[in-house]
Structures are given as structure tokens and as C-alpha cells.
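Please open the structure in a viewer and keep the selection tool at hand. The tour proceeds by selections, each followed by a description of what is there.

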Amino acid sequence: MEIGITSNLSRRATYIKTQSQIVQAEKKTDASATTCSQDEITVSPEARAAMQKEGIGVDRDTSVEEISKEHDVSSTPVFTSFADEFSKVTSDYTNTIREYYEKEHEENLTYDNPSTHIWNKYKNPESPDFRSDLSDDERAWAYDQELDMLSGGKHLQMGNPYAFSSVGGPPTLTTAAVKAMVASRNQIDQSIQELFTENGVEVPKGTSFQLTVEQSTYSIHVTGLEDEDLSKAIEQALNRGDNGKNLYNHLKLTTSDGEKFGVEYADGHLASVDTQRELDDSMLSEIKKQAGPTWARYSTTYNPHQESMNEKILSLDPTSPFNTKEQKDRLSAAVRVGAPEVIAEFRARQHDMSLAIHQNRDIDPDGSIALKTYMRAYAQPAVNARKTIESYYAEAHAENSSYPFLEGLEHIAQKYKRPDSEIFRADLPKEQRDMYYRQERALLTGARVTLFDPYALASVGGIQNAQTSHQLALKAVQDKMNELRKNFG
């Protein structure tokens, strides 16, 4: 367990600030920053050379506004991340959809109730605005996409065959990911050239070597180069900011199975991405992880004709004026575009349970035993995970609880959010500090801890997904049915 427990010696004097002290400190910081930002700071050539030698960049939070143009943080080349490039690719595709529906969207906005007008166009055959000239499929796509554009277009689905008909069809997650990988490689390659120039690194023509990244520290290393001085110079030039982390994540996506984990540099450039490589399930999983929620917009399960997941869930009060077909269609559209994968999994699990109940009606006629067994077994992994998480943070929670409530909250902030604190956990990566901060605050305030905690659950195999829980629950049902059949047999 990596949660450190601080000493109790003078802890309130060391760690805890009263509200007035915090405010005064912030005022002093603001005043200091204002003063420094107006000062002209110069750095001697000797100091600058020492900084370059150690690979030290200027922190963005420093009060020095400008050291020199060539060493300004904003001008220092950095490696892009796959997430950033994937977002750019998705943004370009999104613009294609926006342009396709632009005229309709502008017309929708001229109505007092744009969403009702959209519903009349695509869902209400009795309306004079109904688009009978379009196919059912075109109307289904237009309804969801135009409705989403009213809310900013945050869930526009990329599988639209009509918006992309002029460019050969809609993009897929694979094509978008490969495009982002190529863009990432090109940008990283360009940044390397700029960093070499900035740091005076000259790589002789014909020189080749490989760049690898140490996972634990995200340090970039040079292998296959006999000139040790050149290797060190290259490493010092490249190891800045998040370059190592972004290169590591890039290599996880672009290195073929069985190959050494790295990228070749030859003839002044990085090797090109293999765009013909087939992406297996594990690679697609990594793509989804790095891309974030945006990947769901390339869903293969999204269906604009999909009805509500559960009519009972979406049904409103029968006496309410809002219990209309339009309201239900609008809510269904929001569910469809916001969680297509969840809908697919939900329906698949419903189908599995229906089969299990049907196959065992001889011993469980109404399916009540199977349902009860399933629900208990499905929930058990979450119960176990919560216990594991609470145990993982038990010592830290005991320490946090030893303070008065507000001081306990400040103590947690000191550990994970205050870099100037004596107990700040600089030994942990930011993502881990953020998780610890969230979980310890939840325990202290009585809120629910998140079960998506890879650090606390590492000892039990990591986070368990819904599909795994479903499979375990189905097995529990089958075991229960077998037991009943054996007892009554």
C-alpha cells in the first residue's frame, strides 16, 4: 500500500491553516505574482547552460514572465498526446456532420420550440412539416443529430451514412485511431527536430537508433547508438515535461506485437506508422482508454431506430402533460446517443437472462429464484470492491478523521493538492493523487467511494467491468438451478 501516514508531531501547526491564514497567504501570493510579473528578469549564460545540461525547463507556475524568447515554456516543443490528436480528428468529422445539417439547424433555431419542430419534421406524420420525402432511416438519423446539435452537438454519432456519403462513407473507430496515430507520429517527429535544433544536438547523416521509454519514470532512452555523448545529449533534449509519457502512450498503440517496445529513428526522422496493421481487441481497448469518452461516438451498436431501453423507466406520470410521444421520443434519443454501448450490453444481458429463465421453468416456473440469485450475484463484486477500497484507505482515513472535520479536509488537500505543503505526495503521479484525494474525501464526508479505482483494486485483479459481473451472475444462476434440480430430482 502506497498511502503514507504523516507524523502526528505538531501536525496542526505544520499542516493546518485557519481560513484567515489561507486567505492571507493567497493575497500575498497574488501580490508577489503581480510584482514579479512586472520585473525584468535576466539569466546569465552560465545559469542557462546549467539548466540545459540538467534538462530543466521553466515551470509554468513560476512568477517569471519571460526569461528569454528561446527558453520560454510556451515556445518549447512538446510531444502531442494521442488523446489530443484523436480529439482533433473527431472534431474534423464532427464539422462534416454540422455542415450537412447546418441549414436545417439554422431553421430549427427560428422556432420558439426548436425540439418540437424537429420532432414534427421526423416523427410526426400528421404535421404539415413532416419530411415524407426522406426515408425512415434518413429521418431517424436527422432527428437524433439535429436534436443533439441543439445541445451543442456533444454526442453526434459518426456512423451517419448520409453526412459522409460524399467522402466514401462514415469513419470508424479504427480509421479515426489510425489517422490520429499518424498525426501523433508526425507531430512528435517535428518536435524532435525542433528540440535538436534548440539544444544544439547534431545527429550525423545516416545515423540510426531507437527511442524507448521506461514505464516507471516515463524517461526516454536512446539505444543502438555507439556515441554515448550523443545519446546523452539526445536524451537530455527530449526528456521535458510530459514528452516521455506521451511517447510511451504513443508506442503502446503503434508497436506491433512481438516487436521491441520502441520506435526507430533513421535518416533524420522517426519511422512511419504501420497503417496496415490489424488492430485486435486488446489494441482497441487501449485506444478507447487513451481516447476517453469520445470513442463512443464511433459506436458500432448505435441504432437511430432503437426504442427505449425500458418503457417503464422512461414512462412519465400518466396524468402529467409531459407524458407525450414527443417527450418519450426525445428522452429515448438522449439515451441512444449518450450511451449506445450501454444499451447494447443491457439488451444482451436481458436476452441471456430470458434464456436462463426459460430453460429452468421446470424448477423455477416464474423465474423469481433465478432473478433473485442473479441480482445478488451481480451486486456482490461491487460490495467486495467497496470493502477492498475502504480497507486500502483505512489508515489514511483514520489519520484524516483524527482532525476536526474541516481540518481533516484541509489535511487531505495538503497531501494531494498543495505542492507547497510539507506533506504533499510528490512521489505519486498526478492521476494517483487525484484518486486518493477523491476517495479520502468521500470516506471523510460519508459520500460513496468510486469503484473505478485501479490503485485500491490492484490486489484483487483491478476494476471489474459490467460484463464480467454479468458472466459471474449467470454462472451463479446456473449453479443455483443445478442445485435445485439435484435436490428435487
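The stops below run from the whole chain to the helices, the cores and the sheet.

**The whole chain**

Begin with the entire protein, bearing in mind that this is a predicted model. The protein contains 19 helices and four strands. It has 489 residues, of which 39% count as buried. Among contacts between residues at least 6 apart in sequence, 69% join residues at least 24 apart.

**The largest nonpolar core**

Next, select Phe82, Phe86, Met181, Ile287 and Tyr298; of the 38 residues in the largest nonpolar core, these touch the most other members. To display the surrounding framework, add helix 4, helix 6 (114-122), helix 7 (136-150), helix 8 (173-198), helix 11 (281-291) and helix 13 (325-338), the elements that each give two or more residues to this core. Which helix gives the most to this core? Helix 8 does, with six residues.

Now centre the view on Phe86. Apart from neighbours within four places in sequence, Phe86 is in contact with Leu173, Ala176, Ala177, Ala180, Ala291, Thr294, Trp295 and Tyr298. A second core, separate from the one just shown, has 22 residues, including Val201, Leu230, Leu238 and Leu270. As a general point, nonpolar side chains in soluble globular proteins tend to be buried together.

**Glu85 in helix 4**

Select Glu85, which is located in helix 4 (residues 82-100). Is Glu85 buried or exposed? The relative accessible area of Glu85 is 8%; since buried means under 20%, Glu85 is therefore buried. Show its side chain together with that of Thr80: a polar contact of 2.8 Å joins the two. When residues up to four places away in sequence are not counted, Glu85 touches Thr80, Ala180, Ala183 and Ser184.

**Leu284 in helix 11**

Move to Leu284, a residue of helix 11. Outside its neighbours within four places in sequence, Leu284 is in contact with Leu173, Thr174 and Leu279. A distance label between the C-alpha atoms of Leu284 and Trp295 should read 10.0 Å; these residues are 11 apart along the chain.

**The four-stranded sheet**

Select the four strands, which make up an open sheet in the order 2-1-3-4 with antiparallel pairing. Strand 2 and strand 4 (269-270) are the edge strands, each pairing on one side only. Helix 10 (residues 243-254) packs on the sheet and touches strand 1, strand 2 and strand 3, while its direction makes about 100° with that of strand 1.

Follow the sheet from the strand 2 edge. Five bridges pair strand 1 (residues 208-214) with strand 2 in the antiparallel sense. Within this pair, Val213 is opposite Ile220 in strand 2. The two strands form a hairpin with four residues between them, and Tyr218 in the turn has a positive phi of about 60°. Colour strand 2 (residues 219-223) by accessibility: its side chains alternate, with Ile220 and Val222 buried on one face and Ser219, His221 and Thr223 pointing to the other, where they are not buried.

Proceed to strand 3 and its partners. Strand 1 and strand 3 pair in the antiparallel sense over four bridges, and Ser208 has Ala266 in strand 3 as its bridge partner. Strand 3 shows a covered face with Val263 and Tyr265, and an uncovered one with Glu264 and Ala266.

On its way to the other edge, strand 3 (residues 263-266) pairs with strand 4 over two bridges, again in the antiparallel sense. Tyr265 has Leu270 in strand 4 as its bridge partner, and Ala266 is opposite His269 in strand 4. Strand 3 and strand 4 form a hairpin with two residues between them, where Asp267 in the turn has a positive phi of about 55°.

**Helix 17 and helix 18**

Finally, select helix 17 (residues 405-416) and helix 18 (residues 430-445), whose axes come within 9 Å and cross at roughly 170°. Helix 17 and helix 18 are therefore roughly antiparallel to each other. To view the contact between them, show Phe405, Gly408, Leu409, Ile412, Ala413, Lys415 and Tyr416 in helix 17, which meet Arg433, Tyr436, Tyr437, Glu440, Arg441, Leu444 and Thr445 in helix 18.

Conventions: Residues numbered from 1 in each chain as written. Predicted model: local features only at pLDDT ≥ 70, side-chain atom pairs only at ≥ 80, totals over all residues. Heavy atoms only, no water. Buried < 20%, exposed > 50% of the residue type's maximum accessible area, 1.4 Å probe, protein only. Polar contact = N/O pair within 3.5 Å; in protein donor to acceptor, adjacent residues only side chain to side chain. Contact = heavy atoms within 4.5 Å. Core = buried A, V, L, I, M, F, W, Y, C linked by side-chain atoms within 4.5 Å. Pairing = 2+ DSSP bridges. Axes fitted to C-alpha atoms, helices over the stretch in contact; angles between N-to-C directions. Parallel < 35°, antiparallel > 145°, perpendicular 65-115°, else oblique.
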